Amino acid sequence: MADIAELTALIEPEVKALGFDLVRIRLFGSGDEHTLQIMAERPETKQLVIEDCATISRRLSDVLDEADPIEEAYRLEVSSPGIDRPLTRLADFLEWAGHEAKIQATEAVAGRKSFRGVLKGIEGDDILFQDAKAGDVVIPFALVGDAKLILTDALIAASMPLSSDGADEFETEE
């Protein structure tokens with residue numbers, strides 16, 4: 001499998017040149033089924049529309065074909081991070097402060113590796129978190145293995161779609 005740091009160095013400048021922020025790169029799969037997943041967003045809206053995904057996909061397809069950094073055959077998938085988005089950058093923990101999240105640490109912090117509660121922000125390179133069971137916890141960003149927002153009514157309200165055109169248009173069979 002290809003090195004994620006090398007893929008990031010190749011992909012991130014291209015995504016930024018198009019005016020988007022890179023959220024996450026994942027390469028997963030086995031056998032003949034591999035997927036290179038690229039999550040990106042518009043900095044001003046924290047979302048992508050389908051045309052944005054197509055634009056990024058076309059640009060990255062050309063770059064990846066030329067550089068050929070992945071030995072195995074793979075499928076390129078470009079998407080928005082979605083409402084219950086992964087938290088991958090330190091700034092994400094500040095941006096989404098006040099919302100519920102799950103954090104999985106790579107090493108024990110305050111005697112635990114799994115946390116579920118409310119993001120309180122950041123201090124330096126540490127995440128301030130109010131865990132439902134452990135109370136206030138400071139989690140070093142370097143120890144975050146996986147983190148994502150939890151879908152709640154408050155998160156849905158904070159993540160209103162860019163456009164709801166066509167949302168009310170549906171046909172029913174009579």
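The following dialogue examines how the terms applied to this predicted model are justified.

Modeller: In this predicted model, local features need pLDDT of at least 70 and side-chain atom pairs count only at pLDDT 80 or more, while totals for chains, interfaces and linings use all residues. Residues are numbered from 1 along each chain as its sequence is written, and side-chain values use heavy atoms, with hydrogens and water left out.

Biologist: What makes up the secondary structure of the protein chain?

Modeller: The protein chain has four helices and eight strands, in the order α-β-β-α-β-α-β-β-β-β-β-α. Helices (H or I, at least four residues) and strands (E, at least two) are DSSP runs, numbered from the N terminus.

Biologist: Why is D52 called buried, and why is R42 called partly exposed?

Modeller: Buried means under 20% relative accessible area, exposed over 50%, and partly exposed in between, with a 1.4 Å probe and protein chains only. D52 has a relative accessible area of 7%, so it is buried; R42 has 26% and therefore counts as partly exposed.

Biologist: How do you know that D52 and R42 form a salt bridge?

Modeller: A salt bridge requires a side-chain nitrogen of Lys or Arg within 4 Å of a carboxyl oxygen of Asp or Glu. The N to O distance for D52 and R42 is 3.0 Å, so the pair satisfies this definition. D52 lies in helix α2 and R42 in the loop between β2 and α2, so parts that are 10 residues apart in sequence are tied together.

Biologist: What makes R75 and E33 a salt bridge?

Modeller: Their closest N and O atoms are 3.9 Å apart, and the pair therefore falls within the 4 Å limit. R75 belongs to strand β3 and E33 to strand β2, 42 residues apart. E33, at 52% relative accessibility, counts as exposed, whereas R75, at 45%, counts as partly exposed.

Biologist: Which parts of the chain does the salt bridge of E14 and R59 tie together?

Modeller: E14 lies in helix α1 (residues 4-17) and R59 in helix α2 (residues 50-67), so the bridge ties together parts that are 45 residues apart in sequence. The closest N and O atoms of this pair are 2.7 Å apart. The structure holds 11 salt bridges, and E41, K46, R85, R89 and D92 are linked in a network of them.

Biologist: Why is strand β2 described as largely enclosed?

Modeller: Eight of the nine residues of β2 (residues 33-41) are buried, so the rest of the structure largely encloses this strand.

Biologist: How do you know that β2 pairs with β1 and with β3?

Modeller: Two strands pair if DSSP finds at least two bridges between them. Nine bridges join β1 (residues 21-30) to β2 in the antiparallel sense, and five join β2 to β3 (residues 75-79) in the parallel sense; both therefore meet the criterion. D21 stands opposite E41 in β2, and the bridge partner of L36 is L76 in β3.

Biologist: What makes a set of residues a nonpolar core?

Modeller: Such a core is a set of buried Ala, Val, Leu, Ile, Met, Phe, Trp, Tyr and Cys residues joined through side-chain atoms within 4.5 Å. The largest has 19 residues, among which L87, F93, I103, F115, L119, I127 and I139 touch the most other members. Strand β4 gives the most to this core, with four residues. A second, separate core of 18 residues includes A2, V15, L27 and V78.
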